[in-house]
Amino acid sequence: MVLLALLLVPSRLNRYIQQLALVIYGLEWVWTTYVLYEQRIAMGRPYITAVCILLGVAIFTFLTALVFQTQKLKNYYGNWIPTLK
């Protein structure tokens with residue numbers, strides 16, 4: 001719930017926190033897929049459909065992290081490009 005509320009705070013650091021969280025969630029989906037695959041193989045049950053669905057969710061989650069790289073969101077949250085003077 002905290003990450004959801006942070007979406008309303010236009011902070012440069014917040015943009016990176018949201019992206020990091022989405023990447024971590026994507027990795028969690030990949031791990032869950034692996035565990036499910038191992039369990040299904042051990043039980044001798046079909047696994048292809050479940051693995052495809054969960055990998056699709058993981059890919060979607062990773063792609064969602066890229067949304068924060070769009071110019072519109074960079075303008076809202078601010079660019080964090082260090083400049084040398």
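Guide: In this predicted model, angles over 145 degrees between helix directions count as roughly antiparallel, and those under 35 degrees count as roughly parallel.

Visitor: Are α2 and α3 roughly parallel or antiparallel to each other?
Guide: The axes of α2 and α3 come within 8 Å and cross at roughly 170°. Since angles over 145 degrees fall in the antiparallel class, the relation of α2 and α3 is therefore roughly antiparallel.

Visitor: How many charged residues does the contact of α2 with α3 hold?
Guide: On the α2 side the contact includes L22, V23, W29, V30 and L36, and on the α3 side the residues met include V51, L54, L55, A58 and F62. The residues of this contact divide into 16 nonpolar and six polar, and the number of charged residues is no more than none: no charged.

Visitor: What span does α2 reach from its first C-alpha to its last?
Guide: Helix α2 covers residues 12–43, which is 32 residues, and at 1.5 Å a residue the expected span is 46 Å. The model comes close to that expectation, and just after the helix G44 takes a positive phi of about 75°, while the span of α2 itself is 47 Å.

Visitor: Which helices are included in what covers the buried residues of α2?
Guide: The residues of α2 that are buried are N14, R15, Q18, Q19, A21, L22, G26 and T33. Their cover includes elements from both sides of α2 in the sequence, namely α1 (2–6), α3 (48–66) and α4 (71–77).

Visitor: Is Q18 buried or exposed?
Guide: Q18 is found in helix α2, and, leaving aside its neighbours within four places in sequence, Q18 is in contact with L3, L6, L7 and F68. The cut-off for burial is under 20% relative accessible area, and because the relative accessibility of Q18 is 6%, this residue counts as buried.

Visitor: What is the radius of gyration of the protein chain?
Guide: The protein chain has four helices and zero strands, and from the N terminus on its elements run α-α-α-α. For 85 residues the globule rule gives 12 Å, and the chain lies well over that value, so it is more spread out than a compact globule, with a radius of gyration of 17 Å.

Visitor: What share of the residues in the protein chain is buried?
Guide: Along its principal axes the C-alpha trace of the chain spans about 60 × 30 × 20 Å. Among contacts between residues at least 6 apart in sequence, 65% join residues at least 24 apart. Of the 85 residues in the protein chain, the buried share is 21%.

Key: Residues numbered from 1 in each chain as written. Predicted model: local features only at pLDDT ≥ 70, side-chain atom pairs only at ≥ 80, totals over all residues. Heavy atoms only, no water. Helix = DSSP H or I, 4+ residues; strand = E, 2+ residues; numbered from the N terminus. Expected span 1.5 Å × (residues − 1). Buried < 20%, exposed > 50% of the residue type's maximum accessible area, 1.4 Å probe, protein only. Contact = heavy atoms within 4.5 Å. Axes fitted to C-alpha atoms, helices over the stretch in contact; angles between N-to-C directions. Parallel < 35°, antiparallel > 145°, perpendicular 65-115°, else oblique. Nonpolar A, V, L, I, M, F, W, Y, C, P; charged D, E, K, R; others polar. Rg over C-alpha atoms; globule rule 2.2 N^0.38 Å.
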